[in-house]
Amino acid sequence: MSCQTEHTNKISIGTLLLENGKKLPDVEIAYERKGNPTGEVIVICHALSGNQVSVGSKENPGWWNEFIGPDLYIDTNRYHVITLNVLGGCSGSTGPISINPETNRKYGAAFPAVTIRDIVHSQFKALRKLGIDRVKAIIGGSLGGMQVLEWGHLYPNFTEILIPMAVTPYFTDYALAYNSIGRHAIKSDPLWDNGNYPDGTLIKGMEIARMVGLVTYRSEGLFNDRFNRERKEGVDIEYQVDSYLKYQGRKFSKRFDANSYLILLQAMDRFDLGFERGGWEKALEKVKAKVCMLSFSGDLLYPPTLAEAFFKELKKRNKNAAYVQVETRFGHDGFLVEFEKWGHHVKNILEKKEVTECLI
């Protein structure tokens, strides 16, 4: 399936040398630009199932449209906001559903593995092609937060502020385990055909992968209170939580390409800020930007205990760093909801000079 979307502009960045040594030709990066065209630039990095439409329109609102907009926490009257679709995605950037110029057919399963570092390098090239050589801030959660952390190391002078959310310096084994289940479900599907499925194929394994993911995104308490063991009568008695997960799984499998999903799962799995850099503590020495890090209570995938340990090491090397743990029942998905609980921290660091003022 394709996950092409409206509100897409593209910029060509030419050939990209990947971390594994392969060259990806004719790379395009899809993006959304919103806000004040003369304002300071803020870059948004999206999560696994997201895309470049963070703001969107009235008819097609983006995934952060209650957080970014006129007079909101990221004020588009004031700032120029650019959201970039990740390399390997399926919303317009070069990925498995793109045409391989060497074969004139879709890449499909032949699309090369990419890393978070590759994604950030492609974003840097795209922004430079757009005429941008420095930005006010780079912000993102989950997979987006991984990108934010890599931006801090790879391009330490490119931004004034980094705001990584719902992320840790590496992907934990617990999180890897859930991705492993999702990957196995997809690859075990008879219609998967080693990634060579025809356009329009609905892969049931994608539904299962999404169902597993949804369980990790929210807290135990939220699930229990929302569904409260409510039953749904039918041919077979089914609990409402089962119905909800099946519905969300089917919907997701219709809009997201399975090859892209696996490419991005693998990029997340391999994320380790300290890999081949002497450890993540050592890697922090290159970070020069102000940092306001947000974690969310009950986050199974990126535990606040590890996020706080990361911050403490960062603080030893960078006095312009602050940390906020947001109390929420939404767990990992906290960065997508309840903006009234944490949005003011982002607004404060964007509009004030001292990083500690983001905590006010």
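In this predicted model, the side chains of Thr83 and Ser54 make a polar contact at 2.6 Å. Thr83 belongs to strand 6, which spans residues 79-84. How accessible is Thr83, buried or exposed? With a relative accessibility of 0%, Thr83 counts as buried. Setting aside neighbours within four places in sequence, Thr83 is in contact with Ala30, Tyr31, Glu32, Ile44, Asn51, Gln52, Ser54 and Trp63.

That last contact, Trp63, is a good bridge to the aromatic residues. Trp63 forms one aromatic cluster together with Trp64, Phe67, Tyr73, Phe296, Phe339 and Trp342. A search of the whole structure turns up 24 aromatic pairs, and two pairs between members of this cluster are worth a closer look.

Before we turn to them, recall that two numbers describe a pair of aromatic rings: the distance of the centres and the angle of the planes. For Phe67 and Trp342, the ring centres are 4.9 Å apart and the planes meet at 45 degrees, so this pair is tilted. Which parts of the chain does the pair tie together? Phe67 sits in the loop between strand 3 (40-45) and strand 4 (68-69), while Trp342 is in helix 10 (residues 339-351), so the pair joins parts that are 275 residues apart in sequence. Phe67 is buried, its relative accessible area being 0%. Trp342 counts as buried too, at 0% relative accessibility.

Trp342 also pairs with Phe339, and here the geometry is edge-to-face: 5.5 Å from centre to centre, with 70 degrees between the planes. Phe339 and Trp342 are three residues apart in helix 10, so about one helical turn separates them. Both of these residues are buried. Trp342 thus takes part in a pair with Phe67 and in a pair with Phe339.

Aromatic rings also meet charged groups in this model. Where does the charged end of Arg210 sit? You will find it over the ring of Phe252, 4.4 Å from the ring centre. The charged end of Arg226 sits over the ring of Tyr244, also 4.4 Å from the centre.

Finally, a look at the cysteines. How many disulfides does a search of the whole structure find? The search returns zero. If you would like to inspect individual cysteines, Cys292 is buried with a relative accessible area of 1%, and Cys358 is buried with a relative accessible area of 0%.

Methods
Residues numbered from 1 in each chain as written. Predicted model: local features only at pLDDT ≥ 70, side-chain atom pairs only at ≥ 80, totals over all residues. Heavy atoms only, no water. Disulfide = S-S within 2.5 Å. Buried < 20%, exposed > 50% of the residue type's maximum accessible area, 1.4 Å probe, protein only. Phe/Tyr/Trp six-rings, centres within 6.5 Å; stacked < 30°, edge-to-face > 60°. Helix = DSSP H or I, 4+ residues; strand = E, 2+ residues; numbered from the N terminus. Lys NZ or Arg CZ within 6 Å of the ring centre and 35° of its normal. Polar contact = N/O pair within 3.5 Å; in protein donor to acceptor, adjacent residues only side chain to side chain. Contact = heavy atoms within 4.5 Å.
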